[in-house]
Amino acid sequence: MACRRGARSAAGLRSTTSRWNACDPMSELRHSVRHATRARRDSHDKSALGVWHASCMVQISTYRESTMALKSSYNMLSPDMLRKTTWKGSKTPPFENIENTTSGKMWSSIPGGHKWLGYFPVYDREFSRFRGKRPRVLEIGVYRGASLRLWSRFFGVGARIVGVDVNPQCSKSDNPGSNIHVEIGDQRDAAFLQSIVEKYGPFDLIIDDGSHVASHQIASFNALFMTGLKNNGIYFVEDFECMYWSNTDDYRDAPVTSTDFFKMLIDVQNSVFEDYTYQDFQVHRPTGLTEYSVFDIAKSLSNIKFARGVVVIEKMEQEPPRVLHL
Ligand SMILES: C[S@@+](CC[C@H](N)C(=O)[O-])C[C@H]1O[C@@H](n2cnc3c(N)ncnc32)[C@H](O)[C@@H]1O
């Protein structure tokens, strides 16, 4: 069946989407990104990222469609890589990731938490730069306060640790004397998050260990990354396994999974190349430009790193890309 890009009326959307089941949803997604890029070029509209989101929402109505397309691309890997094999793990201590990491050793003496053991080497590697530097840390998701106590110990004297949680019971972990603050509110609520930034931020590190629901993670990132995170800060999202569980759809409530949403930042990071040519970036040529029109966020997306279950997004104002031929 031929793919049709129909008019964007609500009724049209439903029928268009169902026809795409037989087409290639990823090619439609790519089309929607190109469409949004052209729209931005034409209008220089700073809200074009919103256009991008909106067009994804319009064109891929369920995560299933995008997931199906991504899964079919597994077949681009060699058969050797895709051969099913056995992965063995011990159920008894010692657990290497606890014994051999600072954060793991600390966490093992703090009751009331549960964590994937693979996170501790990532915490050590990515967060150590803030140890002893009195960072401001925001964590979405308090539960019994175990990770707030971990961060307080890990980052040391002077660290300001702020937890937000929708459950009023979490106020029990509020401990201003130890510079651990807990505020009650919903991670989807941009105004609430902004009030936290004004009261305690901006932050060096923001950790999203809240509901793990895709639309919530996306909403919090959109509310916090630009104004709530300092330059040279880290935005960290945990527990992407929720995007993959086969026994529940509860976390996959958005047209794309949150893993796909954060992967999309790699495209945004490189999006300046869509609007220019190689010559435009050559500093030694008269044709080389000195300024470029770019999505605001693209200027400060320095590193985007995925480990299993998590993403680390480093924010650092960047020079535009430059090429020098000697
Ligand atoms: C995985 S637990 C947090 C664990 C904690 N970070 C730790 O490691 O000890 C998730 C928490 O997110 C909270 N939560 C769920 N939905 C939320 C929402 N919409 N906004 C804020 N917090 C939410 C839950 O109440 C729960 O306490």
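**View A. Pro94 and its cis peptide bond.** Pro94 sits in the loop that runs between α5 (79–82) and α6 (96–99). This is a predicted model, and here a cis peptide bond links Pro93 to Pro94, with omega at about 5 degrees.

**View B. Another cis bond, at Pro202.** Follow the chain out of α10 (190–200) towards β4 (203–208), and the loop between them holds Pro202. The bond from Gly201 to Pro202 is cis, with omega near -5 degrees.

**View C. The sheet and its edges.** Step back a little to take in the whole protein, which has 12 helices and 7 strands. An open sheet of 7 strands, with mixed pairing, follows the order β3-β2-β1-β4-β5-β7-β6. Strands β3 (180–184) and β6 (301–307) are at the edges with a single partner strand each, so one side of each has no neighbour in the sheet. From one strand to the next, the twist averages 15 degrees.

**View D. The β2–β3 edge and helix α9.** At this edge, β2 (residues 160–165) pairs with β3 in the parallel sense, over 5 bridges. To find one of the pairings, look for Ile161, whose bridge partner in β3 is Ile180. Helix α9 (residues 146–155) lies across β1 (136–140), β2 and β3, and runs at about 160 degrees to β1.

**View E. The β6–β7 hairpin and helix α12.** Here β6 and β7 pair in the antiparallel sense over 6 bridges, and Leu301 has Lys315 as its bridge partner in β7. The two strands form a hairpin with 2 residues between them, and Gly309 in the turn has a positive phi of about 90 degrees. Helix α12 (residues 258–269) packs on the sheet, where α12 touches β5 (229–237), β6 and β7 (310–315). The direction of α12 makes about 150 degrees with that of β6.

**View F. The shell around the ligand.** Which residues are closest to the ligand? They are Gly141, Tyr143, Ser147, Gln187 and Ser211, out of 21 residues that surround the ligand. The elements giving two or more residues to this shell are β1, α9 and β2. Sorted by class, the shell has 7 nonpolar, 8 polar and 6 charged residues.

**View G. The largest nonpolar core, with Leu205 in focus.** This core has 51 residues, and those with the most contacts inside it are Val137, Trp151, Leu205, Ile206 and Phe236. What does Leu205 touch, leaving aside residues up to four places away in sequence? Its contacts are Phe127, Phe130, Pro135, Val137, Gly233, Ile234 and Phe236. For the protein as a whole, buried residues make up 33% of the 326 residues. Of the contacts between residues at least 6 apart in sequence, 63% join residues at least 24 apart.

**View H. Two loop residues with positive phi.** His212 is in the loop between β4 and α11 (214–228). Its phi is near 65 degrees, a positive value in a residue other than glycine. Asp239, in the loop between β5 and α12, also has a positive phi, near 75 degrees, and is likewise not a glycine. Is each of these residues buried or partly exposed? His212 counts as partly exposed because 19 C-beta neighbours lie inside 10 Å. Asp239, with 20 other C-beta atoms within 10 Å, is buried, because 20 or more is the cut-off for that class.

**View I. Ser128 and Phe154.** Look for Ser128 in the loop between α8 (119–127) and β1. Ser128 has 13 other C-beta atoms within 10 Å, so this residue is partly exposed. How far apart are Ser128 and Phe154 in sequence and in space? They are 26 residues apart in sequence and 8.5 Å apart in space, taken from C-alpha to C-alpha.

**View J. Leu70 and Asp260.** Our last stop is helix α4 (residues 63–72), which contains Leu70. Leu70 is partly exposed because 17 other C-beta atoms lie within 10 Å. Although 190 residues separate Leu70 from Asp260 along the chain, their C-alpha atoms are 9.6 Å apart.

Note on methods:
Residues numbered from 1 in each chain as written. Predicted model: local features only at pLDDT ≥ 70, side-chain atom pairs only at ≥ 80, totals over all residues. Pairing = 2+ DSSP bridges. Helix = DSSP H or I, 4+ residues; strand = E, 2+ residues; numbered from the N terminus. Axes fitted to C-alpha atoms, helices over the stretch in contact; angles between N-to-C directions. Contact = placed C-beta atoms within 7 Å. Buried ≥ 20, exposed ≤ 12 C-beta atoms within 10 Å, placed from the backbone. Near = placed C-beta within 6 Å. Nonpolar A, V, L, I, M, F, W, Y, C, P; charged D, E, K, R; others polar. Core = buried A, V, L, I, M, F, W, Y, C linked by C-beta atoms within 7 Å.
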